[in-house]
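User: Could you walk me through how to read the features of this model, one at a time?

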Amino acid sequence: MSPEVARITEFVQEQVGDGLRTVAVVTPGGWELHYLRSDLKREYDEDAYGEVVESFRLEESSLAPATGDRPVGDRLAVVHYHENAFVLQFPVEERRSVLVSVTSDAGRELLEFIEECRSRVDD
């Protein structure tokens, strides 16, 4: 396990405990699983897990970390909001990123903020 992946895994476990679902690294040649919560090991076989991870591949240049000279600066993270989890994606290199999935409860404040914003868009 690379040092940055070990650090983020340890940090998130300290912050949210069992709210941590998974940590994986998406690479140009595939993906590497670094942590999968025990109950999810029963839900995902390797192929199913791989399909989910592959859906976060940084193929599109719009998801790459460098956003050029735009006023917002470089992309530091992407937050994916799903029904059962948040997936935090940290681009490390051009086509490599670290994925950290946490339960909706673990991201409660973020969830509430997003839902408040979404309710205003949906009205």
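**Aromatic pairs**

Analyst: Let's begin with rings: three aromatic pairs are present in this structure. One of them is formed by Tyr44 and Tyr49, an edge-to-face pair with 5.8 Å from centre to centre and 85 degrees between the planes. Before going on, please keep in mind that this is a predicted model, where local features need pLDDT of at least 70, side-chain atom pairs count only at pLDDT 80 or more, and totals for chains, interfaces and linings use all residues. Residues are numbered from 1 along each chain as its sequence is written, and side-chain values use heavy atoms, with hydrogens and water left out.

User: How is a pair of aromatic rings described?

Analyst: Two values do the job: the distance of the centres and the angle of the planes. Rings of Phe, Tyr and Trp (its six-membered ring) pair if their centres lie within 6.5 Å; planes under 30 degrees apart count as stacked, over 60 as edge-to-face and the rest as tilted. Here, Tyr44 and Tyr49 also belong to one aromatic cluster together with Trp31.

User: Are Tyr44 and Tyr49 buried or exposed?

Analyst: The general idea is a scale of relative accessible area: under 20% is buried, over 50% is exposed, and partly exposed lies in between (1.4 Å probe, protein chains only). Tyr44 counts as partly exposed because its relative accessibility is 25%. Tyr49 has a relative accessible area of 6%, so Tyr49 is buried.

User: Thanks! Now the overall fold: how many helices and strands does the protein chain have?

Analyst: Helices (H or I, at least four residues) and strands (E, at least two) are DSSP runs, numbered from the N terminus. In this case the protein chain has four helices and five strands. Along the sequence they follow the pattern α-β-β-α-α-β-β-β-α. Of the 123 residues in the protein chain, 36% are buried.

User: Which strands pair with E5?

Analyst: Two strands pair if DSSP finds at least two bridges between them. Strand E1 (residues 20-27) pairs with strand E5 (residues 96-103) in the antiparallel sense, over six bridges. Strand E4 (residues 85-93) is also antiparallel to E5, with eight bridges, and a hairpin through two residues joins E4 to E5. On the E1 side, Thr22 has Ser101 of E5 as its bridge partner, and Val26 stands opposite Ser97. On the E4 side, Val87 stands opposite Ser101.

User: And what lies on the other side of E1's pairing, in E2?

Analyst: E1 is joined to strand E2 (residues 30-36) by six bridges, and the two run antiparallel. Two residues separate E1 and E2 in their hairpin. As an example of a bridge, Ala24 is partnered with Leu33 in E2.

User: Why is E5 described as largely enclosed?

Analyst: Eight of the eight residues of E5 are buried, so E5 is largely enclosed by the rest of the structure. Both faces are covered: Arg96, Val98, Val100 and Val102 are buried on one side, and Ser97, Leu99, Ser101 and Thr103 on the other. E1 is mostly covered too, with eight of its eight residues buried.

User: Which residues does Ser101 touch?

Analyst: Contact means heavy atoms within 4.5 Å. Leaving out residues up to four places away in sequence, Ser101 touches Gly19, Leu20, Arg21, Thr22, Ala85, Phe86 and Val87. Ser101 has a relative accessibility of 5%, so it counts as buried. For the protein chain, 46% of the contacts with a separation of 6 or more are between residues 24 or more positions apart.

User: What comes after E5, in the loop between E5 and H4?

Analyst: Gly107 lies in that loop, and Gly107 is buried because its relative accessible area is 13%. Gly107 and Val16 are 91 residues apart in sequence, yet 8.7 Å apart in space, C-alpha to C-alpha.

User: Last one: which residues make the nonpolar surface patch?

Analyst: Patches are made of residues with over 30% relative accessible area and no salt bridge, where like charges are joined within 9 Å and nonpolar side chains (Val, Leu, Ile, Met, Phe, Trp, Tyr) within 5 Å. A salt bridge is a side-chain nitrogen of Lys or Arg within 4 Å of a carboxyl oxygen of Asp or Glu. Accessible areas come from the Shrake-Rupley method with a 1.4 Å probe; for residues, only the protein chains shown count as cover. In this model Val79, Leu110 and Phe113 make a nonpolar surface patch of about 270 Å². Phe113 sits in helix H4 (residues 108-122) and is exposed, with a relative accessible area of 55%.
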